Amino acid sequence: MVGVLAGKMTKTGKVGAVAGLEGLPNMIASMGGFRLGVKSVRPEAEVKIIYLQSMEDPAAAKEATFSLIAGGADVVAGKLNAGQSGIIQAAKEKNVFATGRSVGHTAIAPERVLTNIDEKWSDIYAAAVTELRAGKLSGHYVAYGYNTPTGGAELRYSADRALNPAVPAAVAAELETVKKKIASGEIKVKPTKDDARGGA
């Protein structure tokens, strides 16, 4: 979903992401899904991903974001913890769009944050405990999404809206269509390690 949004909002045809923990299943799902989302609406777009050693370093994330922006990226996403604020700060300083990971990121740069991936950890933990109690919990990776009983996350710009008002209504409508198609199984997102690769 964030990839589709980035693909629709870029004017340069270049987007980027900054992440950590390269190669882990959740990072392959997130960053690979981001690249696939961009390419689904803008096949010719350049998508560059930079992986950091730490999820917690805003200064390193900011420098990586500056590098992406210098290369032409005008929308930057990411999957970091404390480091995500560095992406938002760089986007604010260079006047490009970014996505955050909590509505708190919107407060840093309301005009630059397109949306946030608001992860529903309480729902995920409750689902895991239910599986554990039923004797069904195993060690395999579970990708929660619109197509699972527990969605895992939703897009939130603020408490009362999903997207920045700068996102055109047609783009918002397209995102809703994509969401419904993922939920119904019409769109199946299965990122590979190559989809999540670093670089362009």
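Is Asn 95 buried or exposed? With a relative accessible area of 56%, Asn 95 is exposed, where exposed stands for over 50% relative accessible area, buried for under 20% and partly exposed for anything in between (1.4 Å probe, protein chains only). The structure is a predicted model, in which local features need pLDDT of at least 70 and side-chain atom pairs count only at pLDDT 80 or more, while totals for chains, interfaces and linings use all residues. Residues are numbered from 1 along each chain as its sequence is written, and side-chain values use heavy atoms, with hydrogens and water left out.

Asn 95 is a good place to start the tour. Asn 95 sits in the loop between helix 4 and strand 4; helices (H or I, at least four residues) and strands (E, at least two) are DSSP runs, numbered from the N terminus. Its phi is positive, about 60°, although Asn 95 is not a glycine. As a general rule, most residues other than glycine have a negative phi. Leu 21, also not a glycine, has a positive phi of about 55°. Leu 21 belongs to the loop between strand 1 and helix 2 and is partly exposed, at a relative accessible area of 39%.

The sheet comes next. An open sheet of 6 strands follows the order 2-1-3-4-5-6, with mixed pairing; two strands count as paired if DSSP finds at least two bridges between them. Strand 2 and strand 6 (153–155) stand at the edges with a single partner strand each, so one side of each has no neighbour in the sheet. From one strand to the next, the twist averages 20°, with axes taken as lines fitted to C-alpha atoms, for helices over the stretch in contact, and angles running from 0 to 180 degrees between N-to-C directions.

Two helices can be placed against this sheet. Helix 1 (residues 2–9) packs on the sheet and touches strand 1, strand 3, strand 4, strand 5 and strand 6, a contact being heavy atoms within 4.5 Å. The direction of helix 1 makes about 175° with that of strand 5. Helix 2 (residues 25–41) also packs on the sheet, touching strand 1, strand 2 and strand 3, and its direction makes about 160° with that of strand 2.

Within the sheet, strand 3 deserves a closer look. Of its 5 residues, 5 are buried. Val 75, Ala 77 and Lys 79 point one way from strand 3, Val 76 and Gly 78 point the other way, and all are buried. Strand 3 pairs with strand 1 in the parallel sense over 5 bridges, and Val 18 stands opposite Gly 78. Strand 3 also runs parallel to strand 4, to which 2 bridges join it; here Val 75 has Phe 97 as its bridge partner. Strand 4 (residues 97–100) in turn pairs with strand 5 (residues 113–119), again in the parallel sense and over 2 bridges, with Ala 98 partnered by Val 113.

Helix 3 shows how a helix can have two sides. Ala 61, Ala 64, Thr 65, Leu 68 and Ile 69 of helix 3 are buried. Seen down the helix axis, the buried residues fall within an arc of 140°, so they line one face of helix 3; the arc is that of the directions from the helix axis to the C-beta atoms. On the other side, Ala 59, Glu 63 and Ala 70 are exposed. The buried residues of helix 3 pack against strand 1 (14–20), strand 2 (46–52), strand 3 (75–79) and helix 4 (84–94). Just after helix 3, Gly 72 takes a positive phi of about 110°.

Two more buried residues complete the picture. Gly 3 lies in helix 1 and counts as buried at 2% relative accessibility. Leaving aside neighbours within four places in sequence, Gly 3 is in contact with Phe 34, Gly 37 and Val 38. The C-alpha atoms of Gly 3 and Phe 97 are separated by 13 Å, with the two residues 94 residues apart along the chain. His 105, found in helix 5 (residues 103–108), is buried as well, with a relative accessible area of 10%. Not counting residues up to four places away in sequence, His 105 touches Gln 84, Ser 85, Ile 88, Gly 100, Val 113 and Asn 116.
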